[in-house]
Amino acid sequence: MLALAESAREPPPPQPIDRSRLRVSPVVDGLTHLIERTLTDLEERDQEIRRMGEMDALTDLPNRHLISRRLRTATLRAARSNTLVMTAFIGLDHFKLINDSLGHDSGDWLLNLVARRLEAASRQTEVVGRFGGDVFILVAEGIDRAHTVQQSNSITQRILDALRAPFAFNKKRLHIGASMGIVLTDGAATSPQTAFSRADSALFAAKAAGRGRIHFFDTQMQGRAEERLDIETRLRRAIGERRLHLALQPQVDSAGAITGAEALIRISGDEPDWMSAASFIPVAEDCGLIVDIGQFVIAEAGRILADWARTPDSRDHRLSINASVSHFQTTDFVDRITEMLKHHALPGDRLRIELTEAVFALQGDTVKRTMQRLRELGVGISLDDFGTGYSSLAYLREFPIDEIKIDQSFVRSMLDANVIDRRLIEVIIDIGKTLQVDVIAEGVETQAHWDRLKAMGCRYFQGYFFGRPMLYRPDTPMSSER
């Protein structure tokens, strides 16, 4: 009985095991190590997946998804503190030129440098990220309602100043500006997607105003954004349906004889009027369709010049076509012109390329090489809107320019009491004579304009006084309405 009672007692508590005296099976030890390593790998992979979902792979900045979550949190705090949140889209100006002229590796390099500068320029209450492409985003909390303008301007100027300093590249100094679109929200009912859409509309308005600008979203922008989308939709459809056309505006000499024409792009539609190029060209540049339009213009210019070459009265006429910043810098721009001239057996001096100063803004060496190739073909270069930029004289000295076009804003005001504009026109004409460069005045609308310009020594003219842009038809010879 005693023995039975003792066996029913609770067993003694387990004693600690001295593992140093145990022999662990190599198989068990290896399996344990394998399990631990697998778990570690899974944890690291899970962290990497989460990181990839939140961070931009190129710049290591927060991506749009992480920024969206942080913006949502910021707007909730703003609602509680009765403050505002600023969402700013930061778009690099003419960034496509970097990729086209220096290559995508250089473009990636620049985006990383921009990211580091934005990080350094941001404050504790701000977060910067990359939204996509060449567009970065900044979210700033704690904007005081009573000092909205002052605080917003302080933030935006600090960011733009950080990007104005040149970037060192291959022993050169690369300048690249930026534009900003800004929207202020109070967090009451504005979703991150709405804030992004409004900031994007404001950025587009900033670039359309001349780039290097800051633009705040207003309620009217929503209508303009919808109009922009409508234009892009119509433009894509028109290109697909081959409804692009060229309209020619005659250019004349001092005797009123036609010397050539400028080709202007037009789109036909259901409505009786043409869609204005001023409305769709900025949209085309923004959405990348400008290259397709440029290819059409080159091909159509060849057909027009070939038609002119078969008629004695027009075989010596020159045709001017406009080249945008985007397609002037594409690698095959000169190749397409070369093929066009060769296909129609045309001399290059019958074609002129009109450029604005925006083409010269970034890589001077690339622009010079392209111009030199055009020169070798005999193609002339015309500097459009001369007098409206800040560095036109430098361009005349550094680049092979064949023609200067006096901006129509000077011509239209020259008969008013604006003595400065008249004097500027005289100076431009004198510059052309000194450099042996053709000078053509745009915007000539009256006999008085023409008479005064001829008295100043101008030799070539273009404007409504001589003819409005007319759709080109082979069976309708170009004529002056004067």
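**Exercise 1. Get an overview of this predicted model: how many helices and strands are in the protein?**

Start with the count: the protein has 17 helices and 16 strands. Next, look at burial. Of the 482 residues, 45% count as buried. Finally, turn to the contacts between residues at least 6 apart in sequence: 66% of them join residues at least 24 apart.

**Exercise 2. Find the open sheet formed by 5 strands, and work out in which order the strands stand.**

Step one is to read across the sheet, which gives the order β2-β3-β1-β6-β7, with mixed pairing. Step two is to pick out the edges: β2 (126-132) and β7 (214-216) each pair on one side only. Step three is the twist: neighbouring strands of this sheet are turned by 20° against each other on average, direction ignored.

Now see what lies against the sheet. Helix α3 (residues 64-81) packs on it, touching β1 (84-92), β2, β3 (135-143) and β6. The direction of α3 makes about 140° with that of β2.

**Exercise 3. Look at the two ends of this sheet: which strands run parallel and which antiparallel?**

Begin at the β7 end. Strand β6 (residues 178-185) and β7 run parallel and are joined by 3 bridges. One pair to find here is Gly181 with its bridge partner in β7, His215.

Move on to the β2 end. β2 and β3 run antiparallel, and 6 bridges join them. Within this pairing, Arg130 stands opposite Phe136 in β3. The two strands form a hairpin with 2 residues between them, and Gly133 in the turn has a positive phi of about 60°.

To finish, check how covered β2 is: 6 of its 7 residues are buried.

**Exercise 4. Follow the chain to Asp144 and decide: is Asp144 buried, partly exposed or exposed?**

First locate the residue: Asp144 is found in the loop between β3 and α6 (148-164). Then use the cut-offs, under 20% for buried and over 50% for exposed. Asp144 has 34% relative accessibility, so it counts as partly exposed.

For a last step, find Leu84. Asp144 and Leu84 are 60 residues apart in sequence, yet their C-alpha atoms are 6.5 Å apart in space.

**Exercise 5. Work out how α3 and α7 are placed: parallel or perpendicular?**

Take the geometry first. The axes of α3 and helix α7 (residues 192-208) come within 9 Å and cross at roughly 110°. Angles of 65 to 115 degrees count as roughly perpendicular, and α3 and α7 therefore belong in that group. The crossing in which α3 passes α7 is right-handed.

Now zoom in on the residues. From α3 come Arg64, Ile67, Ser68, Leu71 and Arg72, which meet Pro192, Gln193, Ala195 and Phe196 in α7. Sorted by class, this contact has 5 nonpolar, 2 polar and 2 charged residues.

**Exercise 6. Repeat the analysis for α10 and α12: at what angle do they pack?**

Helix α10 (residues 290-309) and helix α12 (residues 333-344) pack at an angle of about 25°, and their axes are 10 Å apart. Angles under 35 degrees count as roughly parallel, so α10 and α12 are roughly parallel to each other. α10 passes α12 in a right-handed crossing.

On the α10 side of the contact are Gln295, Ile298, Gly302, Arg303 and Ala306; they meet Phe333, Arg336, Ile337, Met340 and His344 in α12. By class, there are 5 nonpolar, 3 polar and 2 charged residues.

**Exercise 7. Find strand β12 and name strands that pair with β12.**

One partner is strand β11 (residues 351-355), which pairs with β12 in the parallel sense over 4 bridges. Here Leu355 has Leu383 of β12 as its bridge partner. Another is strand β13 (residues 403-406), also in the parallel sense, over 3 bridges. In that pairing, Phe386 stands opposite Ile406. As for burial, β12 (residues 380-386) is mostly covered: 6 of its 7 residues are buried.

**Exercise 8. Find two residues that have a positive phi although neither is a glycine.**

Try the loop between α3 and β1, where Asn82 is found. Asn82 has a positive phi of about 60°.

Then go to the loop between α16 (419-435) and β14 (438-441), the place of Gln436. Its phi is also positive, about 55°. Gln436 counts as exposed because its relative accessibility is 74%.

Definitions and conventions: Residues are numbered from 1 along each chain as its sequence is written. This is a predicted model: local features need pLDDT of at least 70, side-chain atom pairs count only at pLDDT 80 or more; totals for chains, interfaces and linings use all residues. Side-chain values use heavy atoms; hydrogens and water are left out. Two strands pair if DSSP finds at least two bridges between them. Axes are lines fitted to C-alpha atoms, for helices over the stretch in contact, and angles run from 0 to 180 degrees between N-to-C directions. Contact means heavy atoms within 4.5 Å. Buried means under 20% relative accessible area, exposed over 50%, partly exposed in between (1.4 Å probe, protein chains only). Angles under 35 degrees count as roughly parallel, over 145 as roughly antiparallel, 65 to 115 as roughly perpendicular and the rest as oblique. A crossing is left-handed if the near helix is turned anticlockwise from the far one by less than a right angle, and right-handed if clockwise. Ala, Val, Leu, Ile, Met, Phe, Trp, Tyr, Cys and Pro count as nonpolar, Asp, Glu, Lys and Arg as charged, and the others, Gly among them, as polar.
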